[in-house]
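Q: Please take a close look at a single part of this model, for someone who has not seen it before. Set that part against the whole, and explain the reasoning where there is some.

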Amino acid sequence: MGSRAIHAPAGDGATVVTSQKVREGCEDDYQRWQERTNRAVRAFDGFEGTEMYPPGVGDERAWVVVFRFSRLDQLTAWLDSSERRELLAEARPLFDGTPTQEVLAGGAPPQAKEEAVTAVISHHVRPGREEDFARWQAKAFKAQAKYPGFMGNELFRPVEGIQDNWVVVFRFDTRQHLDDWLASDTRQRLLEEGERYFSGYDVHKVGSAFSGWFRFGAGADDTAPPNWKQAMSVVLGLYPTVMVLNLTVGRVLTDLRVPGYLSLFISNVLSVSILTWFMMPLVNRVFAFWLVPQRARSVRTHVAGAALVMLGWALCILIFGLTSG
């Protein structure tokens, strides 16, 4: 697996984004291998966290894994280590093709926040056309900013003597909005123009439905739980929040004859705020044994956690049924 190191204008952190297609039927073996890799990398100096994203629709079995380190030299020590080489050699039969990776030195790490989806695009710029490419990319950024859901972008220039590729990172609020931009006529026209400046490019998508609500601190436990666990947990925090607001604030707004559209907006603001800063942190702490992927490794744990969440649902329904009936 070749390493591409890119330098950003500011920031000391270093992030590597790997993309690997897993052979059909090898997904469970791959995830077990990735968990062992996560345990191995945690022992290296400067390691801050990792995130793993399963394939999305149309991603052709491509799994994306993000590792974050404090400094570039610390990340390089991991990439060049014998432990990593041995792990990659062991996993080779699981991969369909050669894995790719992008090393981003400095700048903001390409991690998804809330429901954001990030695209990491590596460009093979033609020799002597670097400044033309930079101007073309600035033009592309201006066009991109006009599209729905756009959240920001960043250009990572090459590091001399390490790798010549340029990497662009941009974020949209949903995968649909990202896909709309990637498939747009505007982008297609820009790509046709840009072919004068680069000979090829690779696109990787990074995103997770509720990842902004599932942060367990730095280290190996920084990986978001599977989507089905996230959904179950959000319902556990959301249902009592909405019910309490309906029985309190909702009645006050009704008595004050606040219009329905405004009442709904106020309720949404309050419910999302309570969920983000109170209920979800509480649910995360209570169910950490089940939500944190590095802790929930056995089928027994998966089943027990799911059963407890459903018990919590049942208790909430019973309580509100008795109090609001």
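A: A disulfide is counted here when two cysteine sulfur atoms lie within 2.5 Å of each other. In general terms, a disulfide is a covalent bond between the sulfur atoms of two cysteines. By the distance rule, the count for this structure comes to 0 disulfides. The cysteines C26 and C316 can still be placed by their accessibility. C26 has a relative accessibility of 17% and counts as buried, because the limit for buried is under 20%. C316 is buried as well, at 15% relative accessibility.

The model is predicted. Its 325 residues include 46% that count as buried, and its secondary structure comes to 11 helices and 9 strands. Among contacts with a separation of 6 or more, 73% are between residues 24 or more positions apart. The protein exposes about 16700 Å², of which carbon and sulfur atoms supply 57%.

The part chosen for the close look is helix α1, together with its surroundings. This helix spans residues 27-41, and T37 lies in it. T37 has a relative accessible area of 5%, so T37 is buried. Leaving aside neighbours within four places in sequence, T37 is in contact with F67, W78 and L87.

Aromatic rings come next. A pair of aromatic rings is described by the distance of the centres and the angle of the planes. The structure holds 18 aromatic pairs by the rule used. In one of them, W33 and F95 have ring centres 5.7 Å apart and planes at 85 degrees, so this pair is edge-to-face. W33 belongs to helix α1, while F95 sits in the loop between α3 (82-91) and β5 (100-105); the pair therefore ties together parts that are 62 residues apart in sequence. Both W33 and F95 are buried.

Another aromatic pair is formed by F44 and W78, and this pair is also edge-to-face, with 5.2 Å from centre to centre and 75 degrees between the planes. F44 lies in the loop between α1 and β3 (47-53), and W78 lies in helix α2 (residues 72-79), so the pair ties together parts that are 34 residues apart in sequence. F44 is buried, with a relative accessible area of 18%. W78, which is also among the contacts of T37, counts as buried at 1% relative accessibility. W33 and F95 appear again in a cluster: ring pairs link Y30, W33, W63 and F95.

For context, consider a strand elsewhere in the chain. Strand β8 covers residues 166-172, and 7 of its 7 residues are buried, so β8 is largely enclosed by the rest of the structure. W166, V168, F170 and F172 point one way from β8, and V167, V169 and R171 point the other way; all are buried.

Strand β8 has pairing partners. Strand β6 (residues 117-125) is joined to β8 by 7 bridges, and the two run antiparallel. Strand β7 (residues 150-158) is joined to β8 by 6 bridges, and this pairing is antiparallel too. V167 takes part on both sides: V167 is the bridge partner of S122 and the bridge partner of F156.

To return to the chosen part: helix α1 holds T37, which is buried, and W33, whose ring pairs with that of F95.

Key
Residues numbered from 1 in each chain as written. Predicted model: local features only at pLDDT ≥ 70, side-chain atom pairs only at ≥ 80, totals over all residues. Heavy atoms only, no water. Helix = DSSP H or I, 4+ residues; strand = E, 2+ residues; numbered from the N terminus. Buried < 20%, exposed > 50% of the residue type's maximum accessible area, 1.4 Å probe, protein only. Contact = heavy atoms within 4.5 Å. Pairing = 2+ DSSP bridges. Phe/Tyr/Trp six-rings, centres within 6.5 Å; stacked < 30°, edge-to-face > 60°. Areas by Shrake-Rupley, 256 points an atom, 1.4 Å probe, with all protein chains shown as cover.
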